[in-house]
Amino acid sequence: MDADQISAILLSLRVSTMGVLLGLPPGLACGWLLARKNFWGKTILETIVYLPLVLPPVVTGYLLLVAFGRNGTLGIMLETLSGVSIVFDWKGAAVAAAVVSFPLMVRSIRLGIANVDPTLEMAAQTLGATPWDAFWNVTVPLARSGIIAGCVLAFARGFGEFGATIMISGNIPGKTQTMPLYVYDKMETPGGVEDATIVIVVAILIAGASLMMSELLEKRSQNGASRDESS
C-alpha cells in the first residue's frame, strides 16, 4: 500500500474511534432514559435520536455545516471558547461519524439496559447507593455487552461514512480524506480502480469483523438476560 492508502485507512480508524468517544456519554444517557423512563415528549426524543438513520447523510452533513460553520451558533461558540474550527478538518469528520452512528449506539445501549432487572438497581439503593452509584456499579456492568455492541456498531457506521463527512470536512488528501472518500476519488480517476480495490478489501474486512463482534455481543447480552429471568 502507498502512503495515501495508509493515510486514508489510519484517518478512518481515528475518525470512527473519536466518533465513538464523542457519542458514548450522550448515548449512555439517552439509552438509559429511553429504557427506564416514561415521560411526555419521549416520542419526540426518540424521533430526534433516530432521525439520522433515515435522513440522507448529505442532509445531515449540510445541517452540521450550518451549525458548526463560521456563521453557525455552535461553530462560533466552539471557536470562541477553544479557538478550534472543525469545518474542513478531521475533527469535523469525527463529529459527522458520531452523529450518523448515534442511533445505532443508542439502540444497542437501550436494549442492553432494558435487559437489566431494575429491581437490582433499587436493591443497591436500599443498601445506601445513590442512583448515580447504582447506575455505574450495577446497570453499566450488567449491560456492558449491549454497550460494547453499540460502540462497535457505531465504529463500523462511522468507519464507512461518506456523505456527511464530505459536506463538513471536504475531501483533502492526507488531512480529511477517509477511506470512503479515497475510494470515491480513485474511482473518478483514470486508472485508479486498482488502488481503490485494495482499500475496499480492507474496508470490507474491518466492517465485517465489527459487525460480527457486535452480533456476538448482542446475543451474549440477550442470553445473559434469559438466564437471569430463568433463575
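**Exercise 1. Is Arg70 buried or exposed, and which acidic partner does its side chain meet?**

Solution. Keep in mind that this is a predicted model. Start with accessibility: Arg70 has a relative value of 62%. The cut-off for exposed is over 50%, so Arg70 counts as exposed. Next, look for the partner: the side chain of Arg70 forms a salt bridge with Glu79, at 3.3 Å from N to O. Finish with that partner, where a relative accessibility of 30% makes Glu79 partly exposed.

**Exercise 2. Find salt bridges that link distant parts of the chain.**

Solution. A search of the whole structure gives five salt bridges. One of them joins Arg36 and Glu121, with 3.0 Å from N to O. Now place the two residues: Arg36 is in helix H1 and Glu121 in helix H6 (residues 118–126), 85 residues apart. Glu121 has a relative accessible area of 10%; buried means under 20%, so Glu121 is buried.

Then turn to Glu46 and Arg110, whose side chains meet at 2.8 Å, N to O. Glu46 belongs to helix H2 and Arg110 to helix H5, so this pair ties together parts 64 residues apart in sequence.

**Exercise 3. Work out which helices build the largest nonpolar core.**

Solution. Begin with the members: the core has 22 residues, and Val20, Met105, Ile109, Ile147 and Met179 touch the most other members. Next, trace the helices: H1 (3–36), H5, H7 (131–142), H8 (144–159), H10 (179–187) and H11 each supply at least two residues. The largest share, five residues, comes from H8.

Now zoom in on Met179. Leaving aside residues up to four places away in sequence, Met179 touches Ala8, Ile9, Ser12, Phe159, Val199, Val202 and Ala203. Apart from this core lies another, of nine residues, including Phe68, Val95, Ala96 and Val100.

A word on confidence helps here: helix H11 (residues 193–230) has the lowest, with a mean pLDDT of 75, while helix H5 (residues 90–114) has the highest, at 93.

**Exercise 4. Compare two leucines, Leu45 and Leu10, by their surroundings.**

Solution. Take Leu45 to begin with: this residue sits in helix H2 (residues 42–54) and is partly exposed, at 21% relative accessible area. Beyond four places in sequence, Leu45 touches Leu33, Leu34 and Phe39. The C-alpha atoms of Leu45 and Leu33 are 9.8 Å apart.

Then take Leu10, in helix H1, which counts as exposed at 53% relative accessibility. Together with Met1, Ile6 and Ile198, Leu10 makes a nonpolar surface patch of about 380 Å². In soluble globular proteins, nonpolar side chains tend to be buried together.

Technical notes:
Residues numbered from 1 in each chain as written. Predicted model: local features only at pLDDT ≥ 70, side-chain atom pairs only at ≥ 80, totals over all residues. Heavy atoms only, no water. pLDDT = per-residue confidence, 0-100. Helix = DSSP H or I, 4+ residues; strand = E, 2+ residues; numbered from the N terminus. Core = buried A, V, L, I, M, F, W, Y, C linked by side-chain atoms within 4.5 Å. Buried < 20%, exposed > 50% of the residue type's maximum accessible area, 1.4 Å probe, protein only. Contact = heavy atoms within 4.5 Å. Patch = residues over 30% accessible without salt bridge, like charges linked within 9 Å, V, L, I, M, F, W, Y side chains within 5 Å. Areas by Shrake-Rupley, 256 points an atom, 1.4 Å probe, with all protein chains shown as cover. Salt bridge = Lys/Arg side-chain N within 4 Å of Asp/Glu carboxyl O.
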